[in-house]
Amino acid sequence: MAAWVGKKYKMEKSEGFDDYMKALGVGMVLRKLGNSISPTVELVKEGDEYTFNTTSTFKNTTIKFKLGEEFEEETVDGRKVKSVCTLEGDNKLVHEQKGEKPTTIIREFTATDLTATMTAGNAKCVRYYKAV
């Protein structure tokens, strides 16, 4: 199993998140709140099922999935989407969300860092995390 599975990562820096949330139609109040928090994330694997936990002072979310299988998801901002996660190589989790406003989240893990690149339309956001 990869060294990053089961590790927690805390966000340290975010670039372009406001524009990303605008592209998704998120209102100003929720955008201000979203820009003020630093979530902690953790990816856990049990058998062939993954659980991705996000915790913050605003909201905690959990998604469970099997690689390559579509699942229903409610995003932090309340959108209902159909998602598929795949693993590229041994450290890149690609998360495709299909709905009214499709998004792609690419999470690249190392033992010490996580970089999440999120795109919606022409908006791109990069969030940097450190292992805790």
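How much space lies in the largest pocket? About 670 Å³ lies there, the volume being the space filled by probe spheres set on grid points joined across faces, edges and corners. A pocket here is an open set of points on a 1 Å grid over the protein atoms alone, where a 1.4 Å probe fits, with protein on both sides within 12 Å along at least five of seven lines, and lining residues have an atom within 4 Å of a point.

This is a predicted model, in which local features need pLDDT of at least 70 and side-chain atom pairs count only at pLDDT 80 or more, while totals for chains, interfaces and linings use all residues. Residues are numbered from 1 along each chain as its sequence is written, and side-chain values use heavy atoms, with hydrogens and water left out.

Select F17, T54, V76, M118 and R127, which lie nearest the centre of the largest pocket among its 33 lining residues.

Move next to the largest nonpolar core, which has 17 residues, and select Y9, L43, F52, F65, F109 and Y129, those with the most contacts inside it; such a core is a set of buried Ala, Val, Leu, Ile, Met, Phe, Trp, Tyr and Cys residues joined through side-chain atoms within 4.5 Å, where buried means under 20% relative accessible area, exposed over 50% and partly exposed in between (1.4 Å probe, protein chains only). A second, separate core of nine residues includes Y20, L24, I105 and A120.

Finally, select K8, which is partly exposed because its relative accessible area is 41%. The C-alpha atoms of K8 and T112, 104 residues apart along the chain, are separated by 9.7 Å.
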